[in-house]
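Visitor: Please take a close look at one part of this structure, the aromatic residues and the nonpolar packing around them. A connected account would suit me better than a list.

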Amino acid sequence: TGTPRVTLPSEYTIAFWVKWRKDLNGKFLLRMGEDLTGNAGFVIPANQKMLNFYDTRPTDVSDINPLRMEPTNFEVNAKMGWNLFVLVGESGDASSLQGSSTLYVGSGTSFKKVQGSFSTCFSGLQVLQVGGHNFYPGNLGGLYMYDRKLPDGEIAMIWNANKKYYRCQES
């Protein structure tokens, strides 16, 4: 919501904070691409609590039903408070589906828990929405976008610099 249309380069890092709403049915966490040529991102499908990676971009011209959905191993709970999501990806070419993406999630007092690795990437896609329209996931906090893969130490710096503002401190 209000996210500028930025095209992701061949290496990227996107980090943002989310506090989940109570009604999680069919909500988009992150959506990239174009509706006519396909898009990709993260969604909570209807009647589920598992965050899923999805991609509707065709892999070749014969791909008439290109929807691919993979679970991230992250189960959303509206009572969990703020979460930091960090998506790191790379491809050899800024317009290729071939590459890799890894999702990290921080909540409570823990961070850097890998929630999923995917054999596709978002390079060359425009960031359309973080949340959006009636499909927003809840409250959105800081949004950070980088045109490179952040190393673990820099990702940890985002967590450590901001966790006190999102009340992710040890009790």
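Guide: Phe-74 and Phe-85 are both buried in this predicted model. Their ring centres lie 5.5 Å apart with the planes at 90°, so the pair is edge-to-face. Phe-74 belongs to strand E5 (residues 68–75) and Phe-85 to strand E6, so the pair ties together parts that are eleven residues apart in sequence.

Phe-85 also has a place in the nonpolar packing. The largest nonpolar core has 25 residues, and Phe-85 is among the members that touch the most others, together with Leu-30, Met-32, Phe-42, Leu-51 and Phe-122. Seven strands each supply at least two residues of this core: E1 (11–20), E2 (27–34), E3 (38–44), E4 (50–55), E6 (82–90), E7 (98–107) and E9 (127–130). The largest share comes from E1, with five residues. Separate from this core is a second one of 13 residues, which includes Val-86, Val-88, Tyr-104 and Ile-158.

Back to the rings. A search of the whole structure finds eight aromatic pairs. One of them joins Phe-53 and Phe-118, and this pair is stacked, at 4.7 Å centre to centre and 20° between the planes. Phe-53 sits in strand E4 and Phe-118 in strand E8 (residues 110–120), so here the pair ties together parts that are 65 residues apart in sequence. Both Phe-53 and Phe-118 are buried. Ring pairs also extend this arrangement into a cluster made up of Tyr-12, Phe-53, Phe-118 and Phe-122. Phe-122 thus appears in the cluster as well as among the core members with the most contacts to other members.

The second core leads on to a polar residue. Ile-158, one of the residues in that core, has its backbone oxygen 2.8 Å from a polar atom of the Asn-162 side chain. Asn-162 is in helix H1 (residues 152–162). Its relative accessible area is 14%, so Asn-162 counts as buried, the cut-off being under 20%. Leaving aside residues up to four places away in sequence, Asn-162 touches Trp-17 and Tyr-144.

Key:
Residues are numbered from 1 along each chain as its sequence is written. This is a predicted model: local features need pLDDT of at least 70, side-chain atom pairs count only at pLDDT 80 or more; totals for chains, interfaces and linings use all residues. Side-chain values use heavy atoms; hydrogens and water are left out. A nonpolar core is a set of buried Ala, Val, Leu, Ile, Met, Phe, Trp, Tyr and Cys residues joined through side-chain atoms within 4.5 Å. Buried means under 20% relative accessible area, exposed over 50%, partly exposed in between (1.4 Å probe, protein chains only). Helices (H or I, at least four residues) and strands (E, at least two) are DSSP runs, numbered from the N terminus. Rings of Phe, Tyr and Trp (its six-membered ring) pair if their centres lie within 6.5 Å; planes under 30 degrees apart count as stacked, over 60 as edge-to-face and the rest as tilted. A polar contact is a pair of N or O atoms within 3.5 Å; within protein, one must be able to donate a hydrogen and the other to accept it, and residues adjacent in sequence count only if both atoms are side-chain atoms. Contact means heavy atoms within 4.5 Å.
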